[in-house]
Amino acid sequence: MELFDLHVHSVFSDGMDTPRDIVISAIEKGVKTLGFSDHSYTEFDERYCIQRDKQAEYIRTINELKNEFSGKIKILCATEQDFYSTAPTAGYDYVIGSVHYVLIDGEYIPVDETADILKQAADKYFSGDILSLCEAYFENVGKVYEKTKCDIVGHLDLITKFNEQEQLFDENDPRYIRAYRKAVDKIITDCKVFEINTGAISRGYRTTPYPSENIQSYIRQKGGKFILSSDSHQKETLCFEFDKFRNLL
């Protein structure tokens, strides 16, 4: 099977390596298709994303690498479009649609920053009921195609990033199951490609990829398809553990 990785971040957003260094590493690893997907600009949180005035430079840089390395590797230029981003997506080869925040009473709550942030948000807005926060998150996930017109759905259950270590909530709770199923049901009418994302494994937060086995099973029942994505933020983690999880495809 041809090796490809379509979810990769560079120094243009919150990655550690330049696009050129990533391309060289990908060629050394035998990657045949490499897709850059740096984070779209979010005006309420500029810490991790392509800066507003850098988008054109990002597209130009990746396109120059396409030409330079033509014949050695296929390079694609994409973006990971956040649910709340208003950045344009014209000029990209594809779009990954992802939800990283829940907006409540004017506060953007990041779901993948720390476990404490999730606990505090549940206490502040939902009287400690973290499943209500999960429901709000999956309500956004269900609208991710509507908002981003994505070609690929990114890390569908990102809100579980810390759940394996912290046990913040029960992923078998009927409320949780209803929430993610409702989201999948809505997305899949327009976008049928979902990630199996190993990024949280490479960064030490999880031992299994997004989404969970139960969610994968439900997506398959509904006719969805999967690709492996590393969500790499450094060149060493390109195609991270793809051999281990290839059977999930």
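1. Disulfides first: this is a predicted model, and the disulfide count in it comes to zero. The sulfur of cysteine 49 has its closest cysteine sulfur in cysteine 77, 16 Å away, which is too far for a bond. Cysteine 191 is in no disulfide either, and the nearest cysteine sulfur, that of cysteine 150, is 4.3 Å from it. A pair of sulfurs has to lie within 2.5 Å to count, so this distance does not qualify. You will find cysteine 49 buried, at a relative accessible area of 3%; cysteine 191 counts as buried too, with 3% relative accessibility.

2. Now the overall build. The chain holds 10 helices and nine strands. For 249 residues, a compact globule would have a radius of gyration near 18 Å, and the chain agrees with that at 17 Å. The C-alpha trace spans about 55 × 40 × 35 Å along its principal axes. Buried residues account for 55% of the 249 in the chain. If you look at contacts with a separation of 6 or more, 69% of them are between residues 24 or more positions apart. The chain exposes about 11,200 Å², with 46% of it supplied by carbon and sulfur atoms.

3. Next, the nonpolar interior. Which residues touch the most other members of the largest nonpolar core? They are Leu34, Phe36, Tyr58, Tyr137, Phe138, Leu156 and Ile159, out of 77 residues in that core. Helix α4 (residues 130–142) gives the most to this core, contributing eight residues. Apart from it lies another core of seven residues, including Leu6, Leu76, Ile96 and Ile152. As background, nonpolar side chains in soluble globular proteins tend to be buried together.

4. Leucine 156 is a handy place to centre your view. Setting aside neighbours within four places in sequence, leucine 156 is in contact with Tyr137, Phe138, Val141, Val184, Ile187, Phe194, Pro211 and Ile215. Two of these contacts, Phe194 and Pro211, come up again below.

5. On to the rings: a search of the whole structure finds 17 aromatic pairs. Tyrosine 48 and tyrosine 101 make a tilted pair, 6.3 Å centre to centre with 55 degrees between the planes. This pair links distant parts of the chain, 53 residues apart: tyrosine 48 sits in the loop between β2 (33–39) and α2 (55–68), and tyrosine 101 in strand β5 (residues 101–104). Both tyrosines, 48 and 101, are buried. Phenylalanine 194 and phenylalanine 226 have ring centres 6.5 Å apart and planes at 55 degrees, so this pair is tilted. Here the link runs from strand β8 (residues 193–197), home of phenylalanine 194, to strand β9 (residues 225–229), which holds phenylalanine 226, with their positions 32 residues apart. Phenylalanine 194 and phenylalanine 226 are buried. Ring pairs also join Phe44, Tyr48, Phe83, Tyr84, Tyr101 and Tyr108 into a cluster.

6. Finally, some backbone geometry worth a look. The peptide bond from tyrosine 210 to proline 211 is cis, with omega near -15 degrees. Proline 211 belongs to the loop between α8 (199–202) and α9 (213–221). Serine 127, a residue other than glycine, has a positive phi near 50 degrees; it lies in the loop between α3 (115–126) and α4. At 75% relative accessibility, serine 127 counts as exposed. Glutamine 167 is not a glycine, yet has a positive phi of about 50 degrees. Glutamine 167 is found in the loop between α6 (163–166) and α7 (174–187), and with 59% relative accessibility it counts as exposed.

Conventions: Residues are numbered from 1 along each chain as its sequence is written. This is a predicted model: local features need pLDDT of at least 70, side-chain atom pairs count only at pLDDT 80 or more; totals for chains, interfaces and linings use all residues. Side-chain values use heavy atoms; hydrogens and water are left out. A nonpolar core is a set of buried Ala, Val, Leu, Ile, Met, Phe, Trp, Tyr and Cys residues joined through side-chain atoms within 4.5 Å. Buried means under 20% relative accessible area, exposed over 50%, partly exposed in between (1.4 Å probe, protein chains only). Helices (H or I, at least four residues) and strands (E, at least two) are DSSP runs, numbered from the N terminus. Contact means heavy atoms within 4.5 Å. The radius of gyration is taken over C-alpha atoms; the globule rule is 2.2 Å times the number of residues to the power 0.38. Accessible areas come from the Shrake-Rupley method with a 1.4 Å probe; for residues, only the protein chains shown count as cover. Rings of Phe, Tyr and Trp (its six-membered ring) pair if their centres lie within 6.5 Å; planes under 30 degrees apart count as stacked, over 60 as edge-to-face and the rest as tilted.
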